[in-house]
Amino acid sequence: MKRLSAAAVLLVLAGCSSDGDSDPSTSSSAASNVTVEDDGTQVVDLRETDEYRFVPENPKLTTGKIRIDFTNTSKTNTHSLAFKPGGPVEEIPFINPGEKESIGFSIATPGEYQFFCTFHESLGQRGMLVVEEP
């Protein structure tokens, strides 16, 4: 049996370290999912996966104006975006495969605001807006 070098083992382990429950909002690529427009509006580039997950799952924002640009990247599934009570009342009732919809609102109170797909919440398709003071 061939022996692997320590570097090769680390490389293999790094490639296998994701268990599907990782928090995309903490990855270096998550920063590209939230941008700020000239007027201060924070824009979340939200997408869904065919594994019934939102990316990013836990976008971190600050209080103020927020817009969610939701793109359905699925080839077959219709999705939606809604917030649990206590969160924004704006929602996207349905979005067909390949479409993009946007909603805008303001959040003045820091906290965690859970969002979900009304069609696939039972499959785990949910996330959390984490809103902090600026």
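Let's start with contacts. Take the pairs in the chain with a separation of 6 or more: residues 24 or more positions apart account for 59% of those contacts. Keep in mind that this is a predicted model. The chain has 134 residues, and 34% of them count as buried.

Now the layout. There are 1 helix and 10 strands. Reading from the N terminus, the order is α-β-β-β-β-β-β-β-β-β-β.

Two strand pairings next. S9 and S10 are antiparallel, with 6 bridges between them. Within that pairing, Glu112 has Val130 in S10 as its bridge partner. On to strand S4, residues 60-62. S4 runs parallel to S10, and 3 bridges join the two. Here Leu61 is matched with Val131 in S10.

What about the core? In soluble globular proteins, nonpolar side chains tend to be buried together. The largest nonpolar core here has 19 residues. Which members touch the most other members? They are Leu46, Ile68, Phe70, Leu81, Phe83, Phe105 and Leu129. The elements giving two or more residues to this core are S2, S5, S6, S7, S8, S9 and S10.

Look at Phe105 in detail. Leaving aside residues up to four places away in sequence, Phe105 touches Gly64, Lys65, Ile66, Ile68, Phe83, Pro88, Glu90 and Leu129. Ile68, Phe83 and Leu129 also appear among the core members that touch the most others.

Next, Glu48. Glu48 sits in strand S2, which spans residues 42-48. Glu48 is buried, yet it has no salt bridge. How far away is the nearest side chain of opposite charge? That side chain is Arg47, at 8.1 Å. So what does the Glu48 side chain reach? The backbone nitrogen of Thr73, at 2.6 Å. The backbone nitrogen of Ser74 is also reached, at 2.6 Å. The wider surroundings, not counting residues up to four places away in sequence, are Arg53, Phe54, Phe70, Thr71, Asn72, Thr73, Ser74, His79 and Gln125. Phe70 in that list is one of the core residues named earlier.

Stay in that part of the sequence and move to Lys75. Lys75 is in the loop between S5 and S6. Buried or exposed? Lys75 counts as exposed, because its relative accessibility is 75% and the cut-off is over 50%. Lys75 touches Asp50 and Pro97, again not counting residues up to four places away in sequence. Lys75 and Asp50 are 25 residues apart in sequence, and their C-alpha atoms are 8.4 Å apart.

Now salt bridges. Side chains of opposite charge can pair when their charged atoms come close. The count in this model is 6 salt bridges. One of them joins Arg67 and Glu37, with the closest N and O atoms 3.0 Å apart. That pair links distant parts of the chain: Arg67 is in strand S5, Glu37 is in the loop between S1 and S2, and 30 residues lie from one to the other in sequence. Arg67 is partly exposed, with a relative accessible area of 25%. Glu37 is partly exposed too, at 34%.

Asp39 and Lys65 form another, at 3.6 Å from N to O. Asp39 lies in the loop between S1 and S2 and Lys65 in strand S5, so this pair ties together parts that are 26 residues apart in sequence. Asp39 is partly exposed at 48% relative accessibility. Lys65 is partly exposed at 37%.

A further salt bridge joins Arg47 and Asp45, the closest N and O atoms being 3.4 Å apart. Arg47 is partly exposed, at 34%. Asp45 is partly exposed, at 23%. There is also a network: salt bridges with shared partners join Glu37, Arg67 and Asp69.

Last, the backbone. Most residues other than glycine have a negative phi, and most peptide bonds are trans. Two places to look at here. Tyr52 is not a glycine, but its phi is positive, about 60°. Where is Tyr52? In the loop between S2 and S3. Tyr52 counts as partly exposed, at 23% relative accessibility. The other place is the peptide bond between Val55 and Pro56, which is cis, with omega about 0°. Pro56 is in the loop between S3 and S4.

Key
Residues numbered from 1 in each chain as written. Predicted model: local features only at pLDDT ≥ 70, side-chain atom pairs only at ≥ 80, totals over all residues. Heavy atoms only, no water. Helix = DSSP H or I, 4+ residues; strand = E, 2+ residues; numbered from the N terminus. Buried < 20%, exposed > 50% of the residue type's maximum accessible area, 1.4 Å probe, protein only. Lys, Arg positive; Asp, Glu negative; His and termini not counted. Salt bridge = Lys/Arg side-chain N within 4 Å of Asp/Glu carboxyl O. Polar contact = N/O pair within 3.5 Å; in protein donor to acceptor, adjacent residues only side chain to side chain. Contact = heavy atoms within 4.5 Å. Core = buried A, V, L, I, M, F, W, Y, C linked by side-chain atoms within 4.5 Å. Pairing = 2+ DSSP bridges.
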